[in-house]
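Reader: I should like to go through the reasoning behind several descriptions of this model. Please show the structure before we begin.

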Amino acid sequence: MRPHVLIARAVFPQILTLLEQHFEVTSNQDDELWTPAQLIEKLQGKQGVFTTGSQRIDATVLGSCPDLKICANMAVGYNNFDLEAMTTAGVKATNTPDVLTETTADFGFALIMATARRMAESERFLRAGLWNRWRYDMFAGSDVHGSTLGILGMGRIGQAIARRGAHGFGMKVIYHNRSRLDAPTEAACGATLVSKQELLQQSDHLILVLPYTPESHHAIGAAELAQMKPTATLINIARGGIVDDAALALALKNGVIAAAGLDVFEGEPALHPDLLTVPNVVLTPHIASATLPTRLAMAQLAADNLIGFLLHGKAVTALN
Ligand code: GLV
């Protein structure tokens, strides 16, 4: 009997076809958003599940789905997984590293540029029909080239951003991370390790690319924002919850920092309402990896993990 897998969200049709060639498939091409109880119900009798960041897999789910053997996340981040509980339950976890690194780094830079150069704010002004003359200081922002780029979290995506900053924009690149990069990687990134305090105090543009864990919850809150330069920008392409969005909205309103660019939010897709009332923030709906080739590569890798593990006993990018 072929294994049965659940695809928890809508996917590319060709990925659905691929999975149907190997498995009995229950899909969700209408992209319904299931409650945890509905997810458990749909998972009954399934050996594998194709997830995105919006399905939480924890001890309750695992305890209620005894047939489940693998959860393949179509995301590099996996804070929706309780990895320890999965390992204890003997359930394989996989994610989609590498295939999204460069695309996500491009977007990180796009958000740095848009934020520093006030692109969203000035476009809103133009679209509102308010532009009636050139003015010497209109939407004057801050330079990206030659400035100091701070990177919190220095994994694959952080390194790809560092290379762009150091080699493309002539930036001084500083980073803070749990561990120091080896010397050749540091040299390739043109990056120098500093303390978190130095990172906060010295960055002209600070970008967050660290995983969301209990330790990184509100890693940037009022106290950290207060240490940043009043001219600085803060960019979050990592996960909501790493920034205290309420504290950030207040800091933006009070000029504690100059501007922010956010692709991820605490409790997304809901936003902290105050973020919608401050002009100096660029807001995007969690699209850092969203180019068609990259999203397809992510879906293909998640599918390959299901096929590799359920049919051949070996996942491609296992987390446990
Ligand atoms: C997107 O946020 C991802 O983790 O891939």
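Reader: Which residues does glutamine 159 touch, not counting residues up to four places away in sequence?

Author: In this predicted model, glutamine 159 touches Met154, Leu181, Thr185 and Cys189. Contact here requires heavy atoms within 4.5 Å. Glutamine 159 itself is found in helix H7, which spans residues 156–168.

Reader: Why is glutamine 159 called buried?

Author: The relative accessible area of glutamine 159 is 17%. Buried means under 20%, and therefore glutamine 159 is classed as buried.

Reader: What makes the approach of the glutamine 159 side chain to the backbone oxygen of methionine 154 a polar contact?

Author: The side chain of glutamine 159 reaches that backbone oxygen of methionine 154 at 3.2 Å. The cut-off is 3.5 Å, so the pair counts as a polar contact.

Reader: Which residues are around the ligand?

Author: They are Ala75, Val76, Gly77, Leu100, Arg239, His286 and Met298. By class, this shell has four nonpolar, two polar and one charged residues. Arginine counts as charged, so Arg239 is the charged residue.

Reader: How do you know that histidine 286 makes a polar contact with the ligand?

Author: An N or O atom in the side chain of histidine 286 is 2.6 Å from an oxygen atom of the ligand, and the limit is 3.5 Å. For arginine 239, a side-chain N or O atom is 2.7 Å from a ligand oxygen. Glycine 77 contributes a backbone N or O atom, 2.8 Å from an oxygen atom of the ligand. The protein covers 85% of the 190 Å² of accessible area that the ligand has on its own.

Note on methods. Residues numbered from 1 in each chain as written. Predicted model: local features only at pLDDT ≥ 70, side-chain atom pairs only at ≥ 80, totals over all residues. Heavy atoms only, no water. Near = heavy atom within 4 Å. Polar contact = N/O pair within 3.5 Å; in protein donor to acceptor, adjacent residues only side chain to side chain. Areas by Shrake-Rupley, 256 points an atom, 1.4 Å probe, with all protein chains shown as cover. Helix = DSSP H or I, 4+ residues; strand = E, 2+ residues; numbered from the N terminus. Buried < 20%, exposed > 50% of the residue type's maximum accessible area, 1.4 Å probe, protein only.
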